[in-house]
Amino acid sequence: MPNLAHLIRPDLREFTAYSSARDEAKKGEIWLNANESPWENEHFAEQKINRYPEKQPQKLINALAEIYGVKNNQLSVLRGSDEAIDLLMRLFCEAGKDAIITCPPTFGMYAVYAKLQGAKIIDIPLVPEAGFQLDMKNLVNQQHLEVKLIFLCSPNNPTGNLLCEADILQLCEHYAGKAVIVVDEAYIEFSSANSLSHYIDQYENLVILRTLSKAYGLAGARCGLLLGHSFIINWIKAIMAPYPLPAFTIHAVTQTLMKLQRLKQQIETIKTERERLATELQRLPFVKKIWPSAANFLLLETENSQKIMQACIDSGIVLRDMHGKLFLQNCIRITVGTPLENARLIEFLQTL
């Protein structure tokens, strides 16, 4: 057994997963075991939505495992990577006792799910002077023994930068047997970096979050992935809902995976547009700074973010105001759109 078992919440260690009708029988001709309607929905016959879907559709697991370069038992699919965060929190953090570490400014849902679970939140901010890299001195000298999860986002949202791989691996080693290192790679496809998933066999306390919402264009389908040691994956499967993925999501993902070449072309377009957008934005007199980005968005510091945000909203252009976030006064996050959308944005901003 891996050196992770003692990190599981004590009250869950004897937990038995719910056994659904679909878990107990996967093959058959006449299905009379799940109290479903026997009639197919005439509008969605291909999706067979009158039947419960598989908990972890095997064909989909096989395809995704090949794409992400992991073994089948090192992957689980969920309702977005948000659900993976929630399940990790519930699996490892005992309410009122355990803690997580986050490194702001970063994705806000880590803290949200920690609060919902009653877990303590320890913030160790990124270092702006170092390009928003990890504060390794404080991370490795952390004296809080109750820390169970450390959340790292790379490329980071909202700053757009990749975290140093060597630093992340050092944390995996330092916290071996003590805490799980969760690396959120939601935007990795837009960078030149390789996923850290090839280190899963080396570090049993490393888990990776991936999503099909960004590069794969499936935000509305709600499909995310958790990659990690089979011990963690098996526990996640045990505590997840009996039928986490709707039939429509399974169908949408399966169809999308058949068009990977088109997705790669779209990603390359985003990268090209990201550089063009950064160049054009830098020319605007009210833009003070644009941070380098390895994601599908740009973070920029302006003279007055509220004024720009309001003007854009009045013109029907929706951006994300980061003002009020740690280190991000008067900052705005702009998602890279289509060439036409980006051109319209630049044209409008030039009038301000």
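# Pockets, cores and loops

Colleague: How many nonpolar, polar and charged residues does the lining of the largest pocket have?

Modeller: Sorted by class, the lining of the largest pocket in this predicted model holds three groups, and eight of its residues are charged. The remaining classes are polar, with six, and nonpolar, with 10. In the order asked, the counts are 10 nonpolar, six polar and eight charged.

Colleague: What volume does the largest pocket have, and which residues lie nearest its centre?

Modeller: The volume of this pocket comes to about 860 Å³. Its lining consists of 24 residues. Nearest the centre are Gln-47, Lys-48, Pro-53, Glu-54 and Ile-250.

Colleague: Which helix gives the most to that lining?

Modeller: Helix H2 (58–68) and helix H8 (247–256) each supply at least two residues of the lining of the largest pocket. With five residues, the one that gives the most is H8.

Colleague: Lys-48 is one of the residues nearest the centre of the largest pocket; is Lys-48 buried, partly exposed or exposed?

Modeller: Lys-48 sits in the loop between helix H1 (21–24) and H2. Its phi is positive, about 50°, although Lys-48 is not a glycine. Buried requires under 20% relative accessible area and exposed over 50%. Lys-48 has a relative accessible area of 45%, so it is partly exposed.

Colleague: And the second largest pocket: which residues are the closest to its centre?

Modeller: The second largest pocket encloses about 580 Å³ of space. Its lining is made of 26 residues. The closest to the centre are Thr-106, Phe-107, Gly-108, Met-109 and Asn-157.

Colleague: Which helix gives the most to the lining of the second largest pocket?

Modeller: By class, that lining has 11 nonpolar, seven polar and eight charged residues. Two or more lining residues come from each of two elements, helix H3 (80–92) and helix H4 (109–117). The one that gives the most, with three residues, is H4.

Colleague: Asn-157 is on that list of central residues; what is omega for the peptide bond that joins Asn-157 and Pro-158?

Modeller: Pro-158 belongs to the loop between strand E4 (147–153) and helix H6 (165–174). The bond between Asn-157 and Pro-158 is cis. Omega there is about 25°.

Colleague: What is omega for the peptide bond from Pro-104 to Pro-105?

Modeller: Pro-105 is located in the loop between strand E2 (99–102) and H4. The bond from Pro-104 to Pro-105 is cis, and its omega is near 0°.

Colleague: Which residues touch the most other members of the largest nonpolar core?

Modeller: This core holds 84 residues. Its largest share, six residues, is supplied by helix H9 (residues 260–282). Apart from this core lies another of 33 residues, among them Ile-8, Ala-84, Val-180 and Phe-231. In the largest core, the residues that touch the most other members are Leu-134 and Leu-281.

Colleague: Leaving out residues up to four places away in sequence, which residues does Leu-134 touch?

Modeller: Contact here means heavy atoms within 4.5 Å. With sequence neighbours up to four places away left out, the list for Leu-134 includes Asp-167 and Ile-168. In full, the partners are Cys-103, Leu-126, Val-127, Leu-139, Leu-152, Leu-163, Asp-167, Ile-168 and Leu-171.

Colleague: Which strands stand at the edges of the open sheet of four strands?

Modeller: The pairing in this sheet is antiparallel, and the strand order is E8-E9-E11-E10. A strand at the edge has a single partner strand, so one side of it is left without a neighbour in the sheet. The edge strands are E8 (287–290) and E10 (320–321).

Colleague: Which residue in E11 stands opposite Arg-320?

Modeller: E10 runs antiparallel to strand E11 (residues 331–335), and two bridges join them. Opposite Arg-320 stands Arg-333.

Colleague: What relative accessibility does Phe-327 have?

Modeller: Phe-327 is part of the loop between E10 and E11. Its phi is positive, near 70°, in a residue other than glycine. Phe-327 counts as partly exposed, and its relative accessibility is 35%.

Colleague: How far apart are the C-alpha atoms of Gly-228 and Asp-201?

Modeller: Gly-228 occupies the loop between strand E7 (224–227) and helix H7 (230–239). At 0% relative accessibility, Gly-228 counts as buried. Beyond four places in sequence, Gly-228 touches Gln-74, Ile-200, Leu-206, Val-207 and Ile-233. Gly-228 and Asp-201 are 27 residues apart along the chain, and their C-alpha atoms are separated by 8.4 Å.

How values were computed:
Residues numbered from 1 in each chain as written. Predicted model: local features only at pLDDT ≥ 70, side-chain atom pairs only at ≥ 80, totals over all residues. Heavy atoms only, no water. Core = buried A, V, L, I, M, F, W, Y, C linked by side-chain atoms within 4.5 Å. Buried < 20%, exposed > 50% of the residue type's maximum accessible area, 1.4 Å probe, protein only. 1 Å grid on protein atoms, 1.4 Å probe; cavity = no way out; pocket = protein on both sides within 12 Å on 5 of 7 lines; lining within 4 Å. Points joined across faces, edges and corners; volume = space filled by probe spheres on them. Nonpolar A, V, L, I, M, F, W, Y, C, P; charged D, E, K, R; others polar. Pairing = 2+ DSSP bridges.
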